[in-house]
Amino acid sequence: MEAKEFARRRKRLLQMMGEDSIAILPTASIYPRNRDVMFPFRADSDFYYLTGFPEPEAVAVFVPGRKHGEYLLFCREQDPEKEIWEGRRASTQGACKYYGADDSFPITDIDDILPGLLEDKARVYYAMGYYPAFDQRMIGWVNHIRRASRAGKRPPGEFIALDHLLHEMRLIKSAQEIKTMREAARISAQAHIRAMEICQPGIMEYQIEAEYLHHFFSHGCRAPAYPSIVGSGGNACILHYTDNNARLKKGDLLLIDAGAEYDYYAADITRTFPVSGRFSSAQRSIYELVLEAQLAAIAEVQPGNHWNQPHEAAVQVLTEGLAALGLLKGRVSTLLKKEHYRRFYMHRTGHWLGMDVHDVGDYKVDGEWRTFEPGMTLTVEPGVYIPADSQGIAKKWWNIGVRIEDDVLVTKEGCELLSADVPKTVDEIETLMASSQRGASAL
């Protein structure tokens with residue numbers, strides 16, 4: 001992401017905040033994995049959206065109209081001893097030179113400096129509740145000013161949720177963001193194709209997961225956007241299955257929900273395909289039903305339609321199809337009204353997608369479903385899940401779990417499928433897998 005993109009975002013935030021206000025935004029913390037080993041650090045999405053600053057122990061402060069600079073960054077100072085062990089630091093000099101800060105201070109000085117910046121401000125923009133330890137520091141700084149009221153100091157009179165402003169900005173993607181998300185989707189699509197090519201009975205789910213990680217890292221991604229779901233057989237019916245430790249069996253389906261994070265932007269793609277390369281009759285019936293539901297939902301993603309229309313379309317198709325297959329019994333209108341489809345389809349049809357896989361942004365405005373606008377990005381992911389021992393359900397349907405998920409960009413004319421490169425029809429999948437199996441046999 002180019003520096004001018006971050007500068008453009010900061011300028012817009014400062015304009016929305018107005019005079020006599022201050023915004024304070026800490027980055028994420030470093031979390032322990034075990035004993036003295038830490039999880040890899042990943043900056044808070046809101047913080048990074050405005051700063052592009054990738055280091056821990058940093059706080060961004062925005063003060064519209066401040067004479068000595070409106071954008072301040074508190075960060076770690078250079079420390080040759082620690083940098084030998086932990087890596088280089090941008091330092092306060094680098095914060096200004098490389099990350100566009102107007103002014104920068106050591107993070108160790110924040111208790112001395114921030115109360116002075118808060119004094120006499122009418123409004124404080126701050127997202128309470130995300131980092132409880134930092135919340136306590138905020139309260140301490142405000143109380144510090146209150147205690148000095150006899151000296152003429154005045155604490156802020158109003159606290160406003162910063163995330164509301166920021167998340168509205170993040171909901172509509174810029175041209176640079178869309179370009180980055182296309183790349184995240186392209187890399188992820190290639191990994192899904194690779195999984196179909198190498199899949200065969202006998203290998204472990206985690207070996208498939210390893211192929212994704214290898215492909216992501218080999219193409220510039222430093223992490224998956226979320227833990228990969230690689231579920232075969234009955235595991236495909238567990239919505240957020242991540243054990244990924246079963247052996248693939250001939251005759252089972254394999255559901256994979258996996259996406260890369262590229263330059264802080266996520267892809268989120270799901271495909272379901274047969275371990276042995278060919279769908280059984282029952283598997284094919286469910287798969288084609290889910291695909292029909294997904295295509296109906298995607299057709300509803302266009303400017304002017306509201307957020308729930310894709311879900312309504314998917315539910316209509318799934319309910320009709322499940323009734324036609326004998327898995328639901330009764331009039332379709334009654335089945336829809338009583339939501340009987342939820343026995344087999346218990347989640348919604350999508351979510352916003354962006355820097356976070358379940359990205360920010362309100363789904364309703366003033367109590368009404370939000371209307372789609374160009375630049376919004378979302379997933380469309382209907383599914384059907386029929387675990388073993390489902391009461392009243394014939395055995396041929398057991399352990400069939402199918403979800404099909406694509407990443408969709410709302411455009412002026414309708415929508416663009418960012419993840420269109422992954423085979424999706426039964427014929428496309430079977431043809432690709434048969435071709436791969438022939439190639440392997442010839443070696």
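Here, a residue is called buried under 20% relative accessible area, exposed over 50% and partly exposed in between (1.4 Å probe, protein chains only). The model is predicted, so local features need pLDDT of at least 70 and side-chain atom pairs count only at pLDDT 80 or more, while totals for chains, interfaces and linings use all residues. Residues are numbered from 1 along each chain as its sequence is written, and side-chain values use heavy atoms, with hydrogens and water left out.

By that yardstick, Arg35 is exposed because its relative accessibility comes to 81%. Arg35 sits in the loop between strand S2 (32–34) and strand S3 (37–38); helices (H or I, at least four residues) and strands (E, at least two) are DSSP runs, numbered from the N terminus. The backbone is a bit unusual to look at here: phi of Arg35 is near 45°, a positive value in a residue other than glycine. Asp263, also not a glycine, has a positive phi of about 50°. Its place is the loop between strand S12 (260–262) and strand S13 (265–266). With a relative accessible area of 28%, Asp263 counts as partly exposed.

Now to the charges. Searching the whole structure turns up 25 salt bridges, each one a side-chain nitrogen of Lys or Arg within 4 Å of a carboxyl oxygen of Asp or Glu. Glu5 takes part in two of the contacts described here. One is with Arg8, where the closest N and O atoms are 3.1 Å apart; the other is with Arg9, at 3.2 Å between the closest N and O atoms. Glu5 and Arg8 both belong to helix H1 (residues 3–17) and are three residues apart, about one turn of the helix. Glu5 and Arg9, both in helix H1 too, are four residues apart, again about one turn. Glu5 is buried because its relative accessibility is 6%, and Arg9 is buried as well. Arg8, at 40% relative accessibility, is partly exposed.

Arg9 has a further contact: its charged end sits over the ring of Tyr49, 4.0 Å from the ring centre. To count, NZ of Lys or CZ of Arg must be within 6 Å of the ring centre and within 35 degrees of the ring normal. Lys364 does something similar with Trp369, lying over the face of the ring at 4.6 Å from its centre.

Another salt bridge joins the side chains of Arg170 and Asp46, with 2.5 Å from N to O. This pair links distant parts of the chain, with Arg170 in helix H7 (residues 162–171) and Asp46 in helix H2 (residues 45–51), 124 residues apart. Arg170 is buried at a relative accessible area of 2%, and Asp46 is buried at 9% relative accessibility. Both belong to a salt-bridge network that links Asp46, Arg170, Lys173, Asp356 and Asp359.

As for the record, UniProt (unreviewed entry) places "domain: Aminopeptidase P N-terminal" at residues 1–135; UniProt positions are given in the numbering used here, feature names are shortened, and annotations may be inferred rather than shown by experiment. In the model, that span is 38% helix and 20% strand, and its end C-alpha atoms lie 30 Å apart.

On to the rings: the structure holds 14 aromatic pairs. Rings of Phe, Tyr and Trp (its six-membered ring) pair if their centres lie within 6.5 Å, and planes under 30 degrees apart count as stacked, over 60 as edge-to-face and the rest as tilted. Phe134 and Trp141 make an edge-to-face pair, 5.6 Å centre to centre with 80° between the planes. Both Phe134 and Trp141 are buried. Trp352 and Phe372 are edge-to-face too, at 6.5 Å centre to centre and 90° between the planes. Trp352 lies in the loop between helix H12 (332–337) and strand S15 (364–365) and Phe372 in the loop between strand S16 (368–369) and strand S17 (377–380), so their pairing ties together parts 20 residues apart in sequence. Trp352 and Phe372 are both buried, and together with Trp307 and Tyr363 they form one aromatic cluster.

What about the cysteines? The whole structure has zero disulfides, taking a disulfide as a pair of cysteine sulfur atoms within 2.5 Å. For Cys96, the nearest cysteine sulfur belongs to Cys75, 8.1 Å away. Cys96 is partly exposed at 31% relative accessibility.
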